Amino acid sequence: MQLSIDLTGREVLVTGSDFAARQAVRRYEAAGAVVSRLSTPQGAGHDGPLPERPFLVAAVDDGQAGWEPLLDRCHAAGIPVAAEPAAGRAGHVTLVGGGPGTGELLTVAAVNALRDADVVFYDRLAPYQELASLTSAELVDVGKRPGHHKVSQGDIEKLMVASALEGNNVVRLKGGDPYVFGRGGEEVASCVAAGVPVRVISGVTSAISVPAAAGIPVTHREVSHMFTVVSGHAPLTEKELTHLAGLGGTIVVLMGIGTLHHLAAGLRRAGMRADMPMAVVERGYRPGQKTTIAELGTIATAAAGCSNPAVLVIGEVVRVAEANRGHAEAAAELDRLAASLLGS
Ligand code: SAH
């Protein structure tokens, strides 16, 4: 069960050792509560009334013995007690996949890691608009735009490691999945090299979810039984183009806007049909999401105005989306008809 109560100006007593309670304190302060602290059970005295009658007691599970009498007294006095997890051990890094850009596609593990973080280093493609409501951690924007490197990859790694070595729970929040064109492997390696414990929380990759946002299934029975995810960051070689065209499955391209012409022309040279359907899905799950559908032979002109971030999909599965869209539109039309008949 999750309750949300307006705590603005409310007295909240947070119990538990300073170390274990540090994140709960930050969370309640961020929610506007007036926080007081009790770091040892002895501090409460044995039987007398609580120093001030708080609106709520946040009891952090810090592993110390001796909190029960205090909590019993709260129960007896009708003061609500919220059980709070202890802050995790300090000094480690969690790489978190943030999904394609909406908080709704964060995993439960990602939400928990953000809640427990002391510092979050986030990317432009991560769901950063929602961060303030998900964590009270310090937020550091290390976002990179193609061509405008805000903070270099090496510097991001140094910042993360230094912050963890200072004792912080560091979250590195990335777009999609950390291991899909996300340089997650390099960031893990730099933590390991510095002796900083590190773990990775997988995220929903844009390679699958952004086509889905446009109604395109990357596989479909009897249409495509494989999909290949390709980076369009650098142009593909002739050999790669030939292999790709020969596979016969769905091709999904990330970072592909800059090399779109080269790719479409290359796949044609490698023998792919000019009428192979192709889609460009821009800004999946974000304001201004847009799908452009054309064919391999016409996409270069059709997608002339498209910009990053976008996912390209090449293959017959694009037609499945079109067929489904047709059905969805027909169904909506029937609904409208039924409604107008009922209304008349
Ligand atoms: N690790 C990420 C990919 C990083 S590469 C993942 O697993 O999704 C960055 C590329 O991802 C962008 O150039 C674009 O091709 C794609 N991308 C990420 N989020 C997107 C979104 N919301 N809409 C469209 N494309 C997106």
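Is Val-12 buried or exposed, and at what relative accessibility? In this predicted model, Val-12 counts as buried, because its relative accessibility is 0%, under the 20% limit for that class.

**Val-12 and the first domain**

Val-12 sits in strand S1, which covers residues 11-15. Leaving aside residues up to four places away in sequence, Val-12 touches Leu-7, Tyr-28, Ala-33, Val-34, Val-35, Ser-36, Leu-56 and Ala-58. One of these partners, Tyr-28, is 16 residues from Val-12 in sequence, with a C-alpha to C-alpha distance of 7.6 Å.

The chain is divided into domain 1 (11-84), domain 2 (92-204) and domain 3 (207-323). Taken over C-alpha atoms, the centres of domain 1 and domain 3 are separated by 56 Å.

Ala-30 belongs to helix H1, residues 18-30. With a relative accessibility of 60%, Ala-30 counts as exposed, since that class begins over 50%. Ala-30 and Thr-135 lie 105 residues apart along the chain, and 8.9 Å separate their C-alpha atoms.

**Two helix pairs**

Two packed helices are described by the angle between their axes and the distance between the axes. The table lists these values for two pairs.

| Helix pair | Residues | Angle between axes | Distance between axes |
|---|---|---|---|
| H5 and H6 | 153-165 and 184-193 | about 45° | 10 Å |
| H8 and H9 | 238-247 and 260-269 | about 70° | 9 Å |

How do H5 and H6 lie to each other? The two helices are oblique, because an angle of about 45° falls outside the ranges for roughly parallel (under 35 degrees), roughly perpendicular (65 to 115) and roughly antiparallel (over 145). The crossing of H5 past H6 is right-handed. On the H5 side, the contact is made by Gln-153, Ile-156, Glu-157, Met-160 and Val-161, while H6 contributes Glu-186, Glu-187, Ser-190 and Cys-191. Sorted by class, this contact holds 4 nonpolar, 2 polar and 3 charged residues.

Ser-190, in helix H6, can be followed further. Its relative accessibility is 19%, so Ser-190 counts as buried, the limit being under 20%. With residues up to four places away in sequence left out, Ser-190 touches Glu-157 and Val-161. Both of these partners are also among the residues of H5 that make the contact with H6.

H8 and H9 are roughly perpendicular to each other, because their angle of about 70° lies in the range of 65 to 115 degrees. H8 passes H9 in a crossing that is right-handed. Glu-238, Leu-241, Leu-244 and Ala-245 of H8 meet His-262, Leu-263, Gly-266, Leu-267 and Arg-269 of H9. The residues of this contact comprise 5 nonpolar, 2 polar and 2 charged.

**Backbone geometry in loops**

Most residues other than glycine have a negative phi, and most peptide bonds are trans. The residues below depart from one or other of these patterns.

Arg-183 is not a glycine, yet its phi is positive, about 60°. Arg-183 lies in the loop that joins strand S10 (169-174) to H6. A relative accessible area of 40% makes Arg-183 partly exposed.

Which value does the positive phi of Tyr-285 have? It is about 65°, and Tyr-285 is not a glycine either. The loop holding Tyr-285 runs between strand S14 (277-282) and strand S15 (290-295). Tyr-285 is partly exposed, its relative accessible area being 29%.

The peptide bond from Asn-308 to Pro-309 is cis, and its omega is near -5°. Pro-309 is located in the loop between helix H10 (299-302) and strand S16 (310-314).

**Helix H11**

Leu-337 is a residue of helix H11, which covers residues 317-343. At 43% relative accessibility, Leu-337 counts as partly exposed. Between Leu-337 and Gly-248 there are 41 Å from C-alpha to C-alpha, and the two are 89 residues apart in sequence.

Conventions:
Residues are numbered from 1 along each chain as its sequence is written. This is a predicted model: local features need pLDDT of at least 70, side-chain atom pairs count only at pLDDT 80 or more; totals for chains, interfaces and linings use all residues. Side-chain values use heavy atoms; hydrogens and water are left out. Domain bounds come from an automatic or database domain assignment. Axes are lines fitted to C-alpha atoms, for helices over the stretch in contact, and angles run from 0 to 180 degrees between N-to-C directions. Helices (H or I, at least four residues) and strands (E, at least two) are DSSP runs, numbered from the N terminus. A crossing is left-handed if the near helix is turned anticlockwise from the far one by less than a right angle, and right-handed if clockwise. Contact means heavy atoms within 4.5 Å. Ala, Val, Leu, Ile, Met, Phe, Trp, Tyr, Cys and Pro count as nonpolar, Asp, Glu, Lys and Arg as charged, and the others, Gly among them, as polar. Buried means under 20% relative accessible area, exposed over 50%, partly exposed in between (1.4 Å probe, protein chains only).
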